[in-house]
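Me: I have a structure open and would like to learn how to read it. Can we go through it feature by feature?

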Amino acid sequence: METIRFILRKFFEDKVALVGLVIITALVLVAIFAGVLATHPGDVSTFHPADRLQGPSLAHFFGTDRMGSDIFSRILFGARITITIAVISVGLSVLIGVPIGLLAGYYNGWFSDLLMRVSDIFLAVPQIVLAIAIAQTLGPAIENVILALSLTYWPFWTRLVYAETRACKNETFVEASVALGASPFRVIVLHILPNISSGIIVRTTLGMGSTILTAAVLGFLGLGPPAPSPEWGRTIAESRQYLPNAWWYATFPGLAIFMVVMGFNLLGDGLRDILDPRIRRSKSNDR
Amino acid sequence: MTLEPPISRVATDRPETAKPILDVLSLRKYFPIRNAWGRRKGWLKAVDDVSFRVAKGEILGVVGESGCGKSTLGKTIMGIHQPSDGDTIFEGRSTANYDPGQARKLRRHLQYAYQDPGASLDPRWKIRRSLHEPMIIHQPELDRDQRAERVSEMMRAVNLPETHLDLYPHEISGGQQRRVGLARVLTLNPSLIILDEPTSGLDLSVQATILTLFMDLKRKFDLTYLFISHDLSIVRMICDRVAVMYLGKVVEIGDTEIIFSNPKHPYTRSLLSAVPTVGGRRVTDDFQLEGEPPNPGNMPSGCRFRTRCTMAQADCAKAEPPLRADWPGQSAACFLAE
């Protein structure tokens, strides 16, 4: 409880992080309540040819698209897709990457080396290229995007956790617990993991932003969820043939992606400052 | 849970003849020295063929310069480091043939108090949780209340208020951290505690209260101490016997009073001459230590002290002097000692 209050207080001191927090909270709320907030909730799957490509107005805040659907409503529903893709693929990456990093970092020997070399191999594959290959092979679908992103993303956590575990393992309190007779499981899960968690939280937050960006790229390339999905990247791709006249068609989904990625980055940077006591100290010295 | 009744203390007037609680037999701990390619190019002999015996109820001091292997010796006995060779027999049980995990379970009653107790407590855990941990590991049969009772008892034993249980390690002072470190190992009801530099980094008044606490706890819980220190005046004050280490080897061991009044090994003599004393002559005036100890990865032949020894002769380079128990209550590893 005190920790949560402490973190909240820090957020109010750090305005930039607060902006990030507000953006991400808004994104989550929008995704949850898209059905309520949307002005034209039916427009995700239905179309109105008579209203095609109309500019922003009171009836359609962000204008309409080539099918005559309300872009504002579609962006709100697109937030659901974005959040789903980001949370599940980053979540899977954390679930795969963190335990591997902990094991490889805690133990020495050929098995640790093997785990790290495997993650190196995955790191060496360009993320977008592997994701394209997977999505191309398995077909455009939201599950395949998630699979592609998780498969390419977990080694980032493995690297981070490996390095931090190595450092933490040499701390006296870890040695002291081992000397007391604590099992490796106990030492890893109860001592090492909580002490390196701030790095993981920061990496995860920043990772959300880049995952959303990659997901949008896949959507733009037609490898995301198929039409008529309101996925943001796909919407921008559709808009290309109507530019520059229908400027609102690409602008608002683009702004949505921009805001969300920036929100996660600001939040991640803010969390880094809040959770890392060394940076916290250096910051207060600057003042 | 109540404390186990104190085991009747064996007479320790002559510690060598008293019942041993710990037997260290030719213990060695070598660390590989690797070159830039990870190939081993030699061994750092941090503990090299060390044997001694600790009697129940005594305080054995281990002294020596920084880097002579005192802490490594303690950690190897404790099982934090796997010994390269040799054995330690604790309460009649050998620990050589167990893997480190099993050996540690066997040695619940052998505990190690860290040199820096602040660093030995998890910074993210409150003191309460750190004190519960040893019992959760070793006595899963105790429930939360039984553990809490024992924790309170230990907090009282080390003179800390129970309100400190809800603080984090960085919120208490160095002396208090040391008390917490002690309370933590005491929860397991140990019979022997290895105290690694227990007074370093404390100012004199705190040192005094901590030392008093050690003596109180020793009496109360029937403890035996292996007291690792480089502070000779404290060692003289509280230790029954003392072992002098030089570059991984015990060069002299014996009753504290005998060693301090009549040191046989030239290294011990130099060490003692470095002790500032108030209101008295120095034990020896004519010996000074010169230079740095040689690189432990590249030891001189024969006696390892000969490069700094003022008495060194040609024979000293030929063979290593054994630890000779030629004096009552005192052994020294020097060919020339009489």
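Me: Which residue stands opposite R28(B) in β4(B)?

Reply: One note before we start: this is a predicted model. Now the pairing. R28(B) stands opposite D85(B).

Me: What else do I read from that strand pair?

Reply: Look for the sense and the number of bridges. Strand β1 (residues 20-34) of chain B and β4(B) (residues 85-90) run antiparallel, with five bridges between them. Another facing pair joins D23(B) to I89(B) of β4(B).

Me: In which sense do β4(B) and β5(B) pair, and over how many bridges?

Reply: The sense is antiparallel, and there are two bridges. Strand β5 of chain B covers residues 93-94. Here I89(B) faces S94(B). Put that beside the earlier pair: I89(B) stands opposite D23(B) and also opposite S94(B).

Me: Which residue in the hairpin of β4(B) and β5(B) takes a positive phi?

Reply: It is E91(B), with phi near 50 degrees. The hairpin has two residues between its strands.

Me: What is the strand order in the open sheet?

Reply: Read a sheet from one side to the other, not along the sequence. This one has four strands in the order β2-β1-β4-β5 (chain B), and the pairing is antiparallel.

Me: Why is one side of β2 and of β5 of chain B left without a neighbour in the sheet?

Reply: Both stand at the edges. β2 (40-55) and β5 of chain B each have a single partner strand, so one side of each has no neighbour in the sheet.

Me: Which strands does helix α1 of chain B lie across?

Reply: Helix α1(B) (residues 70-78) lies across β1, β2 and β4 of chain B. Its direction is at about 70 degrees to β2(B).

Me: How many helices and strands does chain B have?

Reply: Chain B has nine helices and 12 strands. Its 338 residues are 43% buried. For contacts, ask how far apart the partners sit in sequence. Of the contacts in chain B between residues at least 6 apart, 64% join residues at least 24 apart.

Me: What does the same reading give for chain A?

Reply: Chain A has 12 helices and zero strands. Of its 287 residues, 43% are buried. Among its contacts between residues at least 6 apart in sequence, 70% link residues at least 24 apart. The C-alpha trace spans about 75 × 50 × 30 Å along its principal axes.

Me: How do I read one helix in chain A?

Reply: Start with the geometry. An α-helix has 3.6 residues a turn, so residues three or four places apart point the same way. Then check burial. A residue counts as buried when 20 or more other C-beta atoms lie within 10 Å of its own. Helix α10(A) (residues 232-239) is mostly covered, with six of its eight residues buried.

Me: Which residues of α10(A) are buried?

Reply: They are W232(A), G233(A), R234(A), T235(A), I236(A) and S239(A). These buried residues pack against three helices of chain A: α4 (71-106), α9 (184-220) and α11 (247-275).

Me: How many residues does each chain give to the contact between A and B?

Reply: Count each side separately. Chain A gives 13 residues and chain B gives 17. On the chain A side, α8 (172-180) and α9 are the elements that give two or more residues. The largest share, seven residues, comes from α8(A). By class, the chain A side has seven nonpolar, four polar and two charged residues.

Conventions:
Residues numbered from 1 in each chain as written. Chains lettered and ligands numbered in written order. Predicted model: local features only at pLDDT ≥ 70, side-chain atom pairs only at ≥ 80, totals over all residues. Buried ≥ 20, exposed ≤ 12 C-beta atoms within 10 Å, placed from the backbone. Contact = placed C-beta atoms within 7 Å. Nonpolar A, V, L, I, M, F, W, Y, C, P; charged D, E, K, R; others polar. Pairing = 2+ DSSP bridges. Axes fitted to C-alpha atoms, helices over the stretch in contact; angles between N-to-C directions.
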